[in-house]
2 protein chains.
Amino acid sequence: MPLTNWIDRVDGRDWETASEGTVRFALIGLGWWTVDFAIPAIERAERCETTVLVSSSTEKAQRIANEHDVPHGISYDAFHDGAAADTYDAIYIGTPNARHEAFATTAAELEKAVLCEKPIAADYDGAARMVDACADVPFMAAYRMQTDPIVRRARELLQDGIIGEPRYVAGTNAQPLLEMIPDPDQWRLNAALSGYGTSVMDLGIYVINTARFLLERDPIEASARMASIDEAFADVPDQWASFTLGFEDGISLVGTTSQDAQYETRLAITGSAGRLVLDPVFHGEVVMRIERGDATTTVEHDAVDGHREMEEEFAYFADRILSGEPIGPDGEHALVDMATLAAIHEAAERGEPVRIA
Amino acid sequence: MPLTNWIDRVDGRDWETASEGTVRFALIGLGWWTVDFAIPAIERAERCETTVLVSSSTEKAQRIANEHDVPHGISYDAFHDGAAADTYDAIYIGTPNARHEAFATTAAELEKAVLCEKPIAADYDGAARMVDACADVPFMAAYRMQTDPIVRRARELLQDGIIGEPRYVAGTNAQPLLEMIPDPDQWRLNAALSGYGTSVMDLGIYVINTARFLLERDPIEASARMASIDEAFADVPDQWASFTLGFEDGISLVGTTSQDAQYETRLAITGSAGRLVLDPVFHGEVVMRIERGDATTTVEHDAVDGHREMEEEFAYFADRILSGEPIGPDGEHALVDMATLAAIHEAAERGEPVRIA
């Protein structure tokens, strides 16, 4: 029975190639995501080990290193000076967007592999410099949707033609940031650290990149509307935003995003013969619903959550490094998102569509 | 317990004023919608009666009139000549868009009230002429969402602030038209009869008008993308389309629509403190989901379907005529949709945002 086989493989890995070796990680930037998600994910992931934690102060780094049985805790400055460089093979960058570049550049000079959170930089030029600097080391943008097993199954089903020809995508990603982190001075609301803005950069990027991954197409034009009305959002244009992307074959994407709205994550791809809906999708649990003609099929998997996604991401990255196979979301791939983010912000500012370079 | 009272009133009428009298209807255009939905709705609705059926031929009109115990069956020509004019008080127009105007104009000359299907005309100028011609008779655009009880409850909840400040709307309305009506020569695919196009005119209008009704705001700018690739859609630009509308207060609407895609109807309004989702919404059953903070509330009502919506629409229209109260979706209201439809099509053609007059 083919469905039985399919269900048993739902959370399977279609990329695993390495059979031995371990990649030792230095984790840079010890915010809640790194501590609560990256550290446990590396503990669970095969062929991965955390050997160094890097933070603004040696004291903080060593304290958290002690708490998690990590051998080394060093400061940002010490990292740039090459401290403990023989104890790690790769870095994971979880700092504010504008600070990624310096760490990636140092890592490349030290010939370390780089796994960098998205968006990979605060603006396109910074991203391009970083990708260029990392040209000779393995570089992966941390799009964990691309290693989520349900999302990978969705992509296979789309390749099989389960919705016919794709027509349009509707995606949304919103959260009440100031309820989650009640600090109006946080970096996501600071353009110097976040980049072009906050909602599209931090949340809309999930819509954009996951749609690219699922459609296997890149956007060619962007339109957008943005609004910021409250004092906490005075430094960024997009307290909330809507955007449209045009892809080849007449496919459109409409997206909505906000750092100041009721929580929601959803991506729906409608085609000539069906529809694939991921709801929720971007922050942990992924539920896939397929509508085809009069039939509806829903797929969920208890083991697939935010921790599993990060585990898969680290395991995949380590697998690529150990096997030497090409990395899926590489620097060039991430640059398309940076160009798209730039175009969306320019389109909102100019009030007209902007071609994506 | 307030919730008990609220639930008991879910399908209630907040507009009923007339206590006596009957409005006699002539139904014009005997397609499946008129026969399967309008005739039964009038039978069920208080203070409504069908006395005349009007079709392309006397024979067809009389045959269907006999089948439904309607006293008169007349031709379009006879209608324009004033036949049976003393046996009806109002007309319902269910013909192709481009043909609405002539019937409305004759009705106005005969001093009859007019209930006209949406969009009210094939283009803005035709709509403006029609509204002008009907200036001295009661005129209502047949936006049945506005008389659906669940949609009316949704509007009240939004007025109460259940989602805080509205930020953006995402709406979709799609169907596989050629599977539903397997005729490539049908009027909805013929620009001379349908107007600017097919998907936005016939389906997107639900997204646009329902959002206007719920937000109590009108759009001020439109952007859009359209594609037609198959032979059956050669005469219209929008086999599928996406569009964005800008409203005051920075509110955006993103819409997707297609006459050649997997069926879907959905409207979601996201706000600073909650989200109101109607899914499904546009073609019969309406299910309302309210997300506010961590709580989700779902409201559905077995008696509210496409027939009930049409019953409510006719009952409301008759109530307004008999009481002389103002009509909610009147000609001026419908003209805003026509201007919006025109702007969406112009925006798609020009590839840039278009202000809505």
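**Exercise 1. Find the loop that holds P119(B), then describe the peptide bond that leads into P119(B).**

Solution. Start with the elements on either side: in chain B of this predicted model, P119(B) sits in the loop that runs between β5 (113-116) and α6 (124-133). Next, look at the bond from K118(B) to P119(B): this peptide bond is cis, and its omega is near -10 degrees.

**Exercise 2. Do the same for P280(B): which loop holds P280(B), and what is the omega of the bond from D279(B)?**

Solution. First locate the residue: the loop between β12 (275-278) and β13 (288-292) of chain B contains P280(B). Then turn to the bond: from D279(B) to P280(B) the peptide bond is cis, with omega near 0 degrees.

**Exercise 3. Now move to chain A and place E216(A). What is its phi, and is E216(A) buried or partly exposed?**

Solution. Step one is the location: E216(A) belongs to the loop between α10 (199-215) and β8 (219-227) of chain A. Step two is the backbone: phi of E216(A) is positive, about 55 degrees, although the residue is not a glycine. Step three is the surface: the relative accessible area of E216(A) is 44%. Buried would require under 20% and exposed over 50%, so E216(A) counts as partly exposed.

**Exercise 4. Where in chain A is D249(A), and what is its phi?**

Solution. Look between β9 (240-247) and β10 (252-258) of chain A: D249(A) lies in the loop there. Its phi is near 65 degrees, a positive value in a residue other than glycine.

**Exercise 5. Describe chain A as a whole: how many helices and strands does chain A have, and how does its radius of gyration relate to the globule rule?**

Solution. Begin by counting elements: chain A has twelve helices and 15 strands. Its radius of gyration is 20 Å, close to the 21 Å that the globule rule gives for 357 residues, so chain A is as compact as a globular protein of that length. To finish, look at burial: 60% of the 357 residues in chain A are buried.

**Exercise 6. Into which domains is chain A divided, and how many residues of each are in contact with the other?**

Solution. Take the bounds first: domain 1 covers 13-143, and domain 2 covers 145-303 + 329-355. The C-alpha centres of these two domains of chain A lie 25 Å apart. Finally, consider the contacts: 21 residues of domain 1 of chain A touch 28 residues of domain 2 of chain A.

How values were computed. Residues numbered from 1 in each chain as written. Chains lettered and ligands numbered in written order. Predicted model: local features only at pLDDT ≥ 70, side-chain atom pairs only at ≥ 80, totals over all residues. Heavy atoms only, no water. Helix = DSSP H or I, 4+ residues; strand = E, 2+ residues; numbered from the N terminus. Rg over C-alpha atoms; globule rule 2.2 N^0.38 Å. Buried < 20%, exposed > 50% of the residue type's maximum accessible area, 1.4 Å probe, protein only. Domains from an automatic or database assignment. Contact = heavy atoms within 4.5 Å.
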